[in-house]
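Trainee: Could you take me through the ligand site close up, and then through the strands that pair up in this model? I'd like one connected story rather than a list.

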Amino acid sequence: MQDVWNTESLAALDKAHCWHPFTQMKAWCAEDHEPVILVEGEGATLRDSRGREYLDGNSSIWTTIHGHGHPKITAAIRDQLARVAHVSFLGTTNAPAVELAGRLAGLFPPRTLSRVFFSDDGSTAIEAAMKMAIQFWQLGGDPARKRFVAFDQAYHGDTAGAASLGGIGAFHDRFAGHQFPVDRISCPEELDRIPSGEIAAVVIEPLIQGAAGMRVWPRGLLRRLRGKCDATGALLILDEVLTGFGRTGTMFACEQENVIPDFLCIAKGLTGGYLPLAATLTTERVFSAFLGEFDEQKTFYYGHSYTGNALGCAAALAGLDVFREEKVLEKLQPKIAVMADSLGELKGHACVHEIRQCGFLAGIEVRDRGGEVFPWQARTGGRICEAARKHGLLTRPVLDTIVLMPPLCTSESQLRSAVAAIGLAIGEVCGG
Ligand SMILES: *Cc1c(COP(=O)(O)O)cnc(C)c1O
């Protein structure tokens, strides 16, 4: 087949000039490594420059909720593009952003999360929540509340403030001298050992910690955490960057425990995975603390150039329409059951240590036959995912946990093929 995409010259140019995130570039740039160059996508399927097809097994790094090339989202972006792509949200406003703010607030009970602050990605949504929390307490006459509390193994993004909250040693330890003060807990009850008058906010990934390796929280933990925050006056920040937009089976994970936070951070799936856009939702209680005369200096001095980006907001509005028009959440429930059922078939493999599923998201952890973790230097999870490509599945592990979280539009047969690919790959790497 003729290589219309010029794979070899693209690969050479990439190796000459690109620097990829979370990637050891020495191995990437090695002569015998040909990067997968993705050129087309349709629904849950991606195609590379060599014409090979894959199921998008991790929704393009956890973002693509409605699949690729959705006609409704594509048209919405085109229509907006024909009017204007981007205008400033500092001093002016724009129709899609206004409409989206209203639609997002409308996803929660009236008079709860009624204010929407836009930014660009998950990390900045967290940064905004952190700064709002600090300034909220300064304005409220309680400036001693400036500590954050986060959970062991947490991941909240890579910008410096968000990374301060992170509890994954390999990512975060080397920057330990450059971080905000953060106390770390492993359950809500441990909040009792921190002087409650010093806590600005507590932050958690509700229902499931993603980057920790798809670790599912015990049921009821989120509810208990809300109770503790109410008792101590600490604000609660929910990081729904991963869990938002149907991933856990409901629109937002917090619905499953009937919890309303003081801040809700959303990003990855907000635009259906089409454009970078994020939002920090908060309450009128927080918002109103920032209201005052100009010279009172209560303004929230924070923002990014692309705040309220019109294209991103148009995509997000279309994504919300897709949820409604295509009954995405209703159709998802049987698929969640199919995912559980087909993952069950992997349990017989001697190296499958644990399967953790939360809604339409699963982590398959492999260990050696004795139940011991493989040495991390062996890159077992990474090699399994590379092997799975040959069987038509594209995904990435977290250490030795294989991530399966395809777009919500994935069909039952695609899902079963993806699980079969993981089974074959585990067999190839770990032995039958
Ligand atoms: C991905 C992620 C983030 C960071 O989002 P970016 O868009 O990568 O900055 C924050 N929190 C959670 C739970 C995430 O999964």
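**Ligand site and strands**

Mentor: Start at Lys268: an N or O atom in its side chain sits 2.6 Å from an oxygen atom of the ligand. Keep in mind that this is a predicted model, where local features need pLDDT of at least 70, side-chain atom pairs count only at pLDDT 80 or more, and totals for chains, interfaces and linings use all residues. Residues are numbered from 1 along each chain as its sequence is written, and side-chain values use heavy atoms, with hydrogens and water left out.

Asp239 comes in with its side chain too, placing an N or O atom 2.6 Å from a nitrogen atom of the ligand. With Gly122 it's the backbone that takes part: one of its polar backbone atoms is 2.8 Å from a ligand oxygen. The residues around the ligand (a heavy atom within 4 Å of it) also include Trp62, Ser123, Tyr155, His156, Glu205 and Leu242. Asp121 belongs to that set as well, alongside Gly157 and Val241.

Now shift to β12, which covers residues 278–282 (a strand here is a DSSP run of E, at least two residues, numbered from the N terminus). 5 of its 5 residues are buried, so β12 is largely enclosed by the rest of the structure; buried means under 20% relative accessible area with a 1.4 Å probe, protein chains only. Look at both faces and you'll find them covered: Ala278, Thr280 and Thr282 are buried on one side, Ala279 and Leu281 on the other.

Who pairs with β12? β4, residues 115–119, runs antiparallel to β12 and is joined to it by 5 bridges; pairing takes at least two DSSP bridges between two strands. To find that ladder on screen, pick Ser119, whose bridge partner in β12 is Ala278. β11, residues 263–266, is also an antiparallel partner of β12, through 4 bridges. There, Cys265 lies opposite Thr280 of β12.

There's another sheet to look at. It's an open one with 4 strands in the order β1-β2-β3-β15, and its pairing is mixed. β1 (38–42) and β15 (393–394) are the edge strands, each pairing on one side only. At the β15 end, β3 (residues 53–56) and β15 are parallel and share 2 bridges. Leu55 is the residue to click on, since you'll see Leu393 of β15 standing opposite Leu55.

Definitions and conventions. Buried < 20%, exposed > 50% of the residue type's maximum accessible area, 1.4 Å probe, protein only. Polar contact = N/O pair within 3.5 Å; in protein donor to acceptor, adjacent residues only side chain to side chain.
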